[in-house]
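This report describes the interior spaces, the charged contacts and the overall build of one protein chain. The sequence and the model are shown first.

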Amino acid sequence: MSEADIAWGYGVEVAEDAAATTFLELAEVKSVALPDQQRDEHEATHMKSPNRTKEFRPGLLDPGECSVTMNWIEGSATDNLLIGLKASGNVRQIRVTFPGGTAWTFEGWLKSYVPPATVGEFQEVSASFRVTGSLSITGMGG
């Protein structure tokens with residue numbers, strides 16, 4: 001029998017200050033696309049590569065982006081923080097906590113945040129953070 005569980009109980013927090021002394025939990029998060037770190041590859045093929053086969057070597061990690069979809073609450077603490085971060089371009093710590101206690105923490109800047117404007121539709125908004133630097137994973141479930 002599967003031990004998998006539904007996606008419920010996640011928390012997404014953004015540091016309110018550069019020192020990361022206080023965090024604001026984003027309100028009414030509906031989904032999170034965690035950063036997909038991908039390693040660059042560099043071709044090392046040369047005139048005598050064995051079996052006429054291309055050769056590749058690993059490069060640097062690109063830490064990726066983190067997207068958060070949430071119910072949009074105009075004028076809320078979440079809305080005000082994200083509008084301010086988009087305007088400033090400031091880098092902040094972002095922490096995603098899983099239901100089992102594992103936390104992914106990383107720094108990033110707000111790349112995109114556009115409130116909705118669709119007649120008759122439920123108001124959702126997406127925030128996309130460009131991750132800069134490495135990812136820290138703590139807790140490892142429980």
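What volume does the largest cavity have? In this predicted model, the largest cavity has a volume of about 50 Å³.

**Enclosed space**

The structure holds 1 cavity of 30 Å³ or more. Its lining is formed by Ala27, Met70, Asn71, Trp72, Ile73, Ser76, Thr78, Asp79, Tyr113 and Val125. Two elements, β6 (65-71) and α1 (77-88), each give two or more residues to this lining. By class, the lining of the largest cavity consists of 6 nonpolar, 3 polar and 1 charged residues.

**Open space**

Which residues line the largest pocket? They are Ala7, Trp8, Gly9, Tyr10, Gly11, Val12, Glu25, Leu26, Val29, Lys30, Ser31 and Val32. The largest pocket holds about 230 Å³ of space. Here the elements that supply two or more lining residues are β1 and β3 (29-33). Strand β3 gives the most to the lining of the largest pocket, namely 4 residues. The lining of the largest pocket divides into 7 nonpolar, 3 polar and 2 charged residues.

**Salt bridges**

The structure holds 5 salt bridges. Three of them are set out below, with the N to O distance of each pair.

| Salt bridge | N to O distance |
|---|---|
| Glu13 and Arg95 | 2.8 Å |
| Asp62 and Arg130 | 2.9 Å |
| Lys111 and Glu65 | 2.7 Å |

The salt bridge between Glu13 and Arg95, with its closest N and O atoms 2.8 Å apart, links distant parts of the chain: Glu13 belongs to strand β1 (residues 11-15) and Arg95 to strand β7 (residues 91-97), 82 residues apart. Is Glu13 buried or exposed? Glu13 has a relative accessible area of 18% and is therefore buried, the cut-off for this class being under 20%. Its partner Arg95 has a relative accessible area of 25% and is partly exposed.

In the second pair, Asp62 and Arg130 meet through their side chains at 2.9 Å, N to O. Asp62 lies in strand β5 (residues 56-62) and Arg130 in strand β9 (residues 124-138), so this salt bridge ties together parts that are 68 residues apart in sequence. Asp62 is partly exposed, at a relative accessible area of 30%. Arg130 is likewise partly exposed, with a value of 23%.

The third pair joins the side chains of Lys111 and Glu65 at 2.7 Å, N to O. Lys111 is in strand β8 (residues 103-113) and Glu65 is in strand β6, and the pair links distant parts of the chain, 46 residues apart. Lys111 is partly exposed, with a relative accessible area of 45%. Glu65 also counts as partly exposed, at 29% relative accessibility.

**Overall build**

How many helices and strands does the chain have? The secondary structure comes to 1 helix and 9 strands. In order from the N terminus, these elements run β-β-β-β-β-β-α-β-β-β. The radius of gyration of the chain is 19 Å, whereas the globule rule gives 14 Å for 142 residues; the value is well over that figure, so the chain is more spread out than a compact globule. Along its principal axes, the C-alpha trace spans about 65 × 45 × 40 Å.

Of the 142 residues of the chain, 30% count as buried. Among contacts between residues at least 6 apart in sequence, 61% join residues at least 24 apart.

**Backbone in the loop between β4 and β5**

Two residues that are not glycines deserve a note on their backbone angles. Asn51 has a positive phi of about 60 degrees although it is not a glycine. Asn51 sits in the loop between β4 (38-43) and β5, and its relative accessible area of 74% makes Asn51 exposed. Arg52 has a positive phi of about 50 degrees and is likewise not a glycine. Arg52 is found in the loop between β4 and β5. With a relative accessible area of 84%, Arg52 is exposed, since the exposed class begins over 50%.

How values were computed:
Residues are numbered from 1 along each chain as its sequence is written. This is a predicted model: local features need pLDDT of at least 70, side-chain atom pairs count only at pLDDT 80 or more; totals for chains, interfaces and linings use all residues. Side-chain values use heavy atoms; hydrogens and water are left out. On a 1 Å grid over the protein atoms alone, a cavity is a set of points where a 1.4 Å probe fits but cannot get out, and a pocket is an open set with protein on both sides within 12 Å along at least five of seven lines; lining residues have an atom within 4 Å of a point. Grid points are joined across faces, edges and corners, and a volume is the space filled by probe spheres set on the points. Ala, Val, Leu, Ile, Met, Phe, Trp, Tyr, Cys and Pro count as nonpolar, Asp, Glu, Lys and Arg as charged, and the others, Gly among them, as polar. A salt bridge is a side-chain nitrogen of Lys or Arg within 4 Å of a carboxyl oxygen of Asp or Glu. Buried means under 20% relative accessible area, exposed over 50%, partly exposed in between (1.4 Å probe, protein chains only). The radius of gyration is taken over C-alpha atoms; the globule rule is 2.2 Å times the number of residues to the power 0.38. Contact means heavy atoms within 4.5 Å.
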